[in-house]
Amino acid sequence: GVEVAVRNLKAEGVHTFATVYGNADLSLDAVTISGMRSITGGGGAVVTVPKGTGSVVTIQNSTITDSRTYTKPIPLTDDSVYVFGGAIMGQGTLVMDNVSMIGNETAGAVAWNSGDVTIVSSRFVNAGGLQATGDTDMTIVNSAVSFRLGGTDPVSQVSAISGARIDLIAS
């Protein structure tokens, strides 16, 4: 597969930063991303992995601020659980190490629907929720998750849906 590494880059105000297709790998290191806007309504303002079986996305030592996706959360049966698009969304393997996501308020920070997610030493401040769906194992270690006060926004949650699993460790 294809391997792409991006280091020491500042990106501001574009539609989508990266789309990763099957069996490709993306590594972001010391990248600052701000003002991203997904105008398609499907989420993925920063990174999207639409057909990511076998894909690996690694984001480390990076900051993502003020990224927006124009996707309304979809309520499941009883309006207590919502499915949402994320600034980072897809399937495959996602590793986030020392990442700060700040001010992604219109959708989730991460929405992953199949594969393994490992989030270590990262901060999510008013960045939307973290969601694992279906065949996803998400592990969050030594990370801070802070949502807006009131917390009634359906994307301001950490949620495992449809058999997914989330382990919070020292977070």
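## Close-up views of a predicted model

**View 1. A nonpolar patch sits on the surface of this predicted model.** Val145, Val158 and Leu168 make up the patch, and together they have about 220 Å² of accessible area. Take a look at valine 158, which lies in strand 17, residues 158–161. Why does valine 158 count as partly exposed? Its relative accessibility is 34%, and partly exposed means between 20% and 50%.

**View 2. Strand 15 pairs with strand 17 and with strand 18.** Follow strand 17 from the patch and you meet strand 15: the two pair in the parallel sense over 4 bridges. Here threonine 133 has isoleucine 161 of strand 17 as its bridge partner. Strand 18 (residues 165–169) also runs parallel to strand 15, joined to it by 5 bridges. In this pairing, look for valine 141 opposite isoleucine 169.

**View 3. Strand 13 is another parallel partner of strand 15.** Strand 13 covers residues 108–120 and strand 15 covers residues 130–141, with 10 bridges between them. One pair to find is valine 117 and its bridge partner, methionine 138 in strand 15.

**View 4. Now for the largest nonpolar core, a set of 35 residues.** Which members touch the most others? They are Phe17, Val47, Ile88 and Met101. Among the elements that give two or more residues to this core are strand 7 (47–51), strand 8 (56–65), strand 13 and strand 15. Strand 12 gives the most, with 6 residues.

**View 5. Here is isoleucine 88 with its contacts.** Setting aside neighbours within four places in sequence, isoleucine 88 is in contact with residues including Val47, Ile59, Met101, Val110 and Trp112.

Technical notes. Residues are numbered from 1 along each chain as its sequence is written. This is a predicted model: local features need pLDDT of at least 70, side-chain atom pairs count only at pLDDT 80 or more; totals for chains, interfaces and linings use all residues. Side-chain values use heavy atoms; hydrogens and water are left out. Patches are made of residues with over 30% relative accessible area and no salt bridge: like charges are joined within 9 Å, nonpolar side chains (Val, Leu, Ile, Met, Phe, Trp, Tyr) within 5 Å. Accessible areas come from the Shrake-Rupley method with a 1.4 Å probe; for residues, only the protein chains shown count as cover. A salt bridge is a side-chain nitrogen of Lys or Arg within 4 Å of a carboxyl oxygen of Asp or Glu. Buried means under 20% relative accessible area, exposed over 50%, partly exposed in between (1.4 Å probe, protein chains only). Two strands pair if DSSP finds at least two bridges between them. A nonpolar core is a set of buried Ala, Val, Leu, Ile, Met, Phe, Trp, Tyr and Cys residues joined through side-chain atoms within 4.5 Å. Contact means heavy atoms within 4.5 Å.
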